[in-house]
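Reader: I've got a fresh model open and would like to go through it with you. Can we take it loop by loop, then helix by helix?

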Amino acid sequence: MAQAGSSVAIHWFRKGLRISDNAALSSHIGVSKNLVPVFILDPSFNVDSIGTIRWRFLADSLRNLNENLQRCGSQLLILRGKPSEIFPALFTATKAQTLSWEHDTEPYAKNRDDAIKRVAEMHNVAVSIHHSHTLFATETLATIAKGNIPSTYKAFLKVVSKAGRPPLPVPTPETLPSLPQHLLTDIEQQLGPDICGAVPLSKKKLWVLDDFMQNIDDG
């Protein structure tokens with residue numbers, strides 16, 4: 001859970017590009033005064049290996065997410081670079097007390113997240129992680145299975161039957177903590193144009209994705 005009394009929090013969007021049933025995002029409502037929603041274009045993912053259709057899907061998903069955030073009185077910041085390099089500067093710019101994200105189980109994501117936890121600890125930022133990408137936390141199912149990963153669907157159902165009912169969906173928020181202009185300005189000044197080239201200041205377009213898609217169309 002986000003820490004009571006936090007004035008500034010950051011939510012890091014990764015796979016869960018939605019505001020509905022997003023426990024990590026909603027955890028800041030009524031707790032944080034300001035919220036900085038962030039998506040990072042991570043260079044660790046090889047752009048050349050991603051097809052046009054997948055990029056279009058990502059672009060459309062981010063535009064939709066930004067529109068939904070705007071309806072809640074916020075907006076999405078898209079930053080370019082390695083998370084391990086972006087977050088120290090982002091913590092400094094925002095003086096955030098809390099960072100939240102949705103739990104991920106992939107090997108790269110686990111290593112990346114462990115590194116960001118260490119960075120957050122160095123900056124006295126509390127990390128709030130929520131399970132919502134899957135119905136059950138994989139660690140919970142692994143504990144029930146006593147470490148023996150089911151090899152058949154029938155065996156999997158037996159494990160799931162012991163986990164009880166999954167949590168109910170989290171309601172879609174109508175409002176979110178604000179993202180004031182002075183925070184956007186501080187972020188851009190601290191991180192610089194190479195990283196903040198995609199920051200949609202004053203609700204501008206998602207520049208990096210729009211430019212990328214235009215290059216594909218021209219090519």
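Reader: Where does Lys95 sit?

Author: Keep in mind that this is a predicted model. Lys95 has a positive phi of about 55° although it is not a glycine. As for its place in the chain, look between H3 and strand E4 (98–102): Lys95 is in that loop.

Reader: And is Lys95 buried or exposed?

Author: The cut-off for exposed is over 50% relative accessible area. Lys95 has 60%, so Lys95 counts as exposed.

Reader: Which loop holds Asn124, and is Asn124 buried or exposed?

Author: Asn124 is another residue other than glycine with a positive phi, near 55°. Its loop is the one between H4 and strand E5 (126–130). With a relative accessible area of 68%, and exposed meaning over 50%, Asn124 is therefore exposed.

Reader: Back to Val8, then. Is Val8 buried or exposed?

Author: Val8 belongs to strand E1, which covers residues 8–13. Under 20% relative accessible area counts as buried. Val8 comes in at 7%, so the verdict is buried.

Reader: Which residues does Val8 touch, leaving out those up to four places away in sequence?

Author: Lys95, the positive-phi residue from before, is one of them. Thr94, Ala96, Gln97 and Thr98 are also among the residues touched. The rest of the list is Asn34, Val36 and Leu183.

Reader: How far apart in space are Val8 and Pro177, C-alpha to C-alpha?

Author: In sequence, 169 residues separate Val8 and Pro177. In space, C-alpha to C-alpha, the separation is 9.0 Å.

Reader: On to helix packing. How are H3 and H7 oriented to each other?

Author: H3 spans residues 83–94 and H7 spans residues 181–191, with their axes 9 Å apart. The angle between them is about 140°, and roughly antiparallel would need over 145 degrees. The crossing is right-handed. The pair is therefore oblique.

Reader: Which residues of H7 meet H3?

Author: From the H3 side come Ile86, Ala89, Leu90, Thr92, Ala93 and Thr94. Sorted by class, the residues of this contact are seven nonpolar, three polar and one charged. The H7 partners are Leu183, Asp186, Ile187, Gln190 and Leu191.

Reader: What about H3 and H4: how do they line up?

Author: H4 covers residues 107–122, and its axis is 10 Å from that of H3. The two pack at an angle of about 25°. Angles under 35 degrees count as roughly parallel, so H3 and H4 are roughly parallel.

Reader: What handedness does the crossing of H3 and H4 have, and which H4 residues meet H3?

Author: H3 passes H4 in a crossing that is right-handed. H3 brings Pro83, Ser84, Phe87, Pro88 and Phe91 to the contact. By class, the contact has seven nonpolar, one polar and one charged residues. On the H4 side, the residues are Arg112, Ile116, Val119 and Ala120.

Reader: Let's zoom out. What pattern do helices and strands follow along the sequence?

Author: The protein chain has nine helices and five strands. Reading along the sequence gives β-α-β-α-β-α-β-α-β-α-α-α-α-α.

Reader: And what share of the contacts joins residues at least 24 apart?

Author: Take the contacts between residues at least 6 apart in sequence. Of these, the share joining residues at least 24 apart is 81%.

Reader: Last one: how much of the exposed area do carbon and sulfur atoms supply?

Author: Buried residues make up 44% of the 219 residues in the protein chain. The chain exposes about 12100 Å², and the carbon and sulfur share of that is 54%.

Definitions and conventions:
Residues numbered from 1 in each chain as written. Predicted model: local features only at pLDDT ≥ 70, side-chain atom pairs only at ≥ 80, totals over all residues. Heavy atoms only, no water. Helix = DSSP H or I, 4+ residues; strand = E, 2+ residues; numbered from the N terminus. Buried < 20%, exposed > 50% of the residue type's maximum accessible area, 1.4 Å probe, protein only. Contact = heavy atoms within 4.5 Å. Areas by Shrake-Rupley, 256 points an atom, 1.4 Å probe, with all protein chains shown as cover. Axes fitted to C-alpha atoms, helices over the stretch in contact; angles between N-to-C directions. Parallel < 35°, antiparallel > 145°, perpendicular 65-115°, else oblique. Left-handed = near helix turned anticlockwise from the far one by under 90°. Nonpolar A, V, L, I, M, F, W, Y, C, P; charged D, E, K, R; others polar.
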